[in-house]
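Here are my notes on the model you sent over. Have it open while you read, and shout if anything looks off.

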Amino acid sequence: MKRLKKKPNLLTCNTLINGLVKFPSLHSIRLGKQVFHDSIRLGVIPQTSTFNILILGCCLEGKFNEAVSFIEKMKDFGCFPDNVTYNTILGHLCKKGRLNEARDLLQDMREKGVTPNRNTFNILVSGYCRTGRLNEASKVIELMVKNDVLPDVWTYNMFIDGLCDGGRIDDAIKLRDEMENSKVLPDVVTYNTLINGCFAVGSSDRGFRLVEEMKEKGVVPNAVTHNILVKWYCKEGRMDEASERVRMIEESGVSPDKVTYNTLINGYCKAGNFSEAFRMMDLMGRKGFKLDTITLNTLLHALCEERKLNKASELLTSAYKRGYLLDEVSYGTLIMGYFKDGNADKALNLWNEMKEKEIIPSIITYNTAIAGLCQLAKTEQAVEKFNELLESGLVPEETTYNTIIHGFCREGKVEKAFEFHNKMVENSFKPDVITCNILLCGLCSEGMLEKALNLFNTWISKGKAVDGVTYNTMIATLCKEGRFEAAFNLVSEMKDNNLGPDQYTYNAILGALTSAGRMNDAEEFLSKIVEVGNFQGQSLQLAEKNVQSSESPKEFDPDSNACSKEIIELCNSRRYKDAMRIFEESNQKGVALSKSAYIVLMEGLIKRRKSISKAIK
DNA sequence: TTAGGGTTAG
């Protein structure tokens with residue numbers, strides 16, 4: 001059309017831009033904008049909907065300033081922003097946790113005379129719930145009601161999700177009952193949210209009961225419901241049951257989707273079963289699902305866990321060239337990998353590379369970088385990142401503050417830790433039990449036991465929650481100082497509060513008695529705990545955890561070695577088809593390959609996609 | 001053809 005200088009109609013033009021914008025590939029959004037400019041040149045008169053699609057594209061790329069600038073540009077074409085325009089930007093800002101910017105935009109929306117509708121309110125509710133600010137979410141709901149807009153199933157579902165995220169599963173279920181009373185019927189999303197929430201807090205029984213309950217009430221489980229169950233089995237390391245569940249999904253007539261496969265791939269990688277992970281990736285492709293950013297990120301994660309950072313970095317670069325969308329998770333994964341490897345320079349270089357690509361880090365990625373810097377005793381640099389976070393419009397979390405406080409404590413800068421703690425309070429964040437434990441640990445390791453005891457007593461007298469770690473920290477330090485009586489008082493106090501004692505408590509006491517040369521007391525203490533049976537149970541648990549067979553014995557089989565080597569060499573010279581042939585042959589022979597061989601095969605599956613320059617032509 | 005909730009990766 002462009003070549004023939006034919007004017008497309010508006011529908012053709014909008015459809016094409018919409019397709020490009022929504023097709024998740026590296027250059028598709030840029031192409032969408034190009035189609036827009038070409039169409040204008042060919043004489044098409046755009047409408048608000050055209051701009052709304054372009055604005056969606058900007059939002060998907062995280063380019064919010066450009067999205068907002070389109071609102072002004074619209075006027076030149078006689079178009080005016082509507083609810084869709086504002087809701088699109090508001091929704092994506094909220095999704096990214098940029099609530100301050102969302103609030104400003106809402107103001108602008110009102111000034112331009114566009115009335116917020118139910119979607120607008122729901123978007124705000126979801127934004128606040130997502131960031132755990134449930135009080136503010138309730139205020140939005142009150143405002144909704146005042147504006148004669150009644151909360152609907154979406155509003156309830158988002159609030160239920162917020163409650164579940166905060167571990168308040170009982171409140172979430174109460175709200176479900178409340179919505180039923182208000183004649184808003186819970187739907188499959190309500191149940192999925194609750195089921196997921198139950199599994200997240202470890203109440204799997206309740207989760208399974210809810211699955212039965214939804215069926216009884218005539219709410220049909222969908223792929224998401226099944227995926228939540230599959231995820232749970234994977235998390236528990238029960239991979240056989242996970243794959244059995246997938247078989248059941250297929251039998252029940254629901255098709256496993258991309259998420260199902262990505263969940264399984266992740267599960268197998270975490271279980272160290274790279275052969276099944278590879279098989280799933282291959283199957284995913286065969287079933288017509290494209291390997292996407294998530295699949296890529298899962299593999300990146302696995303490579304980082306295996307400490308194969310060069311490979312991970314090379315995969316990131318080649319995937320980019322092949323048109324995969326890299327996101328902040330891709331970068332965050334590798335950044336964390338480098339930090340764990342002690343390589344702050346490479347981690348920070350990647351951070352800059354991410355920024356250059358205009359990929360905007362979320363609070364989680366900031367937390368990753370901040371934690372990485374703190375672990376490498378670069379807490380001052382972590383504070384700089386923290387300030388950068390604030391400037392970017394993101395809201396920090398308790399974790400963010402705790403990480404930095406911990407960093408200062410680890411460096412022995414307890415005073416600075418307390419300064420940052422004060423900053424946390426000034427900014428209306430509530431120090432939690434973790435903050436308390438970090439500060440206590442900081443004081444104790446700097447020999448300020450009296451100050452630690454003061455803090456401990458004040459904390460308890462304020463009625464704030466403590467846990468086993470709090471007690472163990474104090475008990476260990478008291479023992480080290482030889483104040484065994486005070487330590488034992490705390491042991492019985494922690495027993496009264498059902499917080500222990502556990503193996504850490506026993507180890508602290510035994511260790512201190514031994515190093516004080518009180519061998520008889522130590523032995524007596526040991527026999528006492530063995531009598532009670534606690535210690536045995538604990539140590540048995542530890543022993544079980546330590547049993548891991550990472551490499552299967554079959555790997556030492558000469559056939560396996562030869563095949564693995566050949567596959568790696570073929571993949572390195574990009575002869576993936578030949579590598580697959582060897583893989584299939586060895587599979588038939590029942591020869592297991594080495595972990596590395598499976599990893600290169602997985603990389604091969606990712607890299608086999610045509611490179612983006614070829615795809616555009 | 002355009003906006004909001006639940007599942008996957010850091």
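**Notes on the DNA surface, a pocket and some ring pairs**

1. Let's start with the make-up of the surface near DNA strand B: by class, it has 23 polar, 17 nonpolar and 10 charged residues. Keep in mind throughout that this is a predicted model.

2. In total, 50 residues surround DNA strand B, and the closest are Asn14, Asn122, Asn157, Asn192 and Thr365. If you look from the DNA side, 44% of the strand B atoms within 4 Å of the protein belong to sugar or phosphate, and the rest belong to bases.

3. Three polar contacts are worth a click. Asn122 has a polar side-chain atom 2.4 Å from a base nitrogen of DNA strand B. With Thr88, a side-chain N or O atom sits 3.2 Å from a sugar or linking oxygen of the strand. For Asn196, the partner is a phosphate oxygen of DNA strand B, 3.3 Å from an N or O atom of the side chain.

4. Next, the second largest pocket, with a volume of about 790 Å³. Its lining counts 23 residues, and Lys95, Ser126, Arg130, Trp154 and Met158 lie nearest the centre. Two or more lining residues come from each of helix 5 (83–95), helix 7 (118–130), helix 9 (153–165) and helix 11 (188–200). Helix 5 gives the most, with 7 residues. By class, the lining divides into 10 polar, 8 nonpolar and 5 charged residues.

5. On to the rings: the structure holds 19 aromatic pairs. Take Phe51 and Phe77, whose ring centres are 5.7 Å apart with planes at 50 degrees, so this pair counts as tilted. Phe51 belongs to helix 3 (residues 48–60) and Phe77 to the loop between helix 4 (64–76) and helix 5, so the pair ties together parts 26 residues apart in sequence. Which of the two is buried? Phe51 is, with a relative accessible area of 0%, while Phe77 is partly exposed at 32%. Ring pairs also link both of them with Phe36 and Phe70 into a cluster.

6. A second pair to check is Phe386 with Tyr401, which is edge-to-face: 5.2 Å centre to centre, with 65 degrees between the planes. Phe386 lies in helix 22 (residues 379–391) and Tyr401 in helix 23 (residues 398–410), so here the parts tied together are 15 residues apart in sequence. Phe386 counts as buried at 0% relative accessibility, and Tyr401 is buried too, with a relative accessible area of 1%.

Terms used:
Residues are numbered from 1 along each chain as its sequence is written. Chains are lettered from A and ligands numbered from 1 in the order in which they are written. This is a predicted model: local features need pLDDT of at least 70, side-chain atom pairs count only at pLDDT 80 or more; totals for chains, interfaces and linings use all residues. Side-chain values use heavy atoms; hydrogens and water are left out. A residue is near a molecule or strand if one of its heavy atoms lies within 4 Å of it. A polar contact is a pair of N or O atoms within 3.5 Å; within protein, one must be able to donate a hydrogen and the other to accept it, and residues adjacent in sequence count only if both atoms are side-chain atoms. Ala, Val, Leu, Ile, Met, Phe, Trp, Tyr, Cys and Pro count as nonpolar, Asp, Glu, Lys and Arg as charged, and the others, Gly among them, as polar. On a 1 Å grid over the protein atoms alone, a cavity is a set of points where a 1.4 Å probe fits but cannot get out, and a pocket is an open set with protein on both sides within 12 Å along at least five of seven lines; lining residues have an atom within 4 Å of a point. Grid points are joined across faces, edges and corners, and a volume is the space filled by probe spheres set on the points. Helices (H or I, at least four residues) and strands (E, at least two) are DSSP runs, numbered from the N terminus. Rings of Phe, Tyr and Trp (its six-membered ring) pair if their centres lie within 6.5 Å; planes under 30 degrees apart count as stacked, over 60 as edge-to-face and the rest as tilted. Buried means under 20% relative accessible area, exposed over 50%, partly exposed in between (1.4 Å probe, protein chains only).
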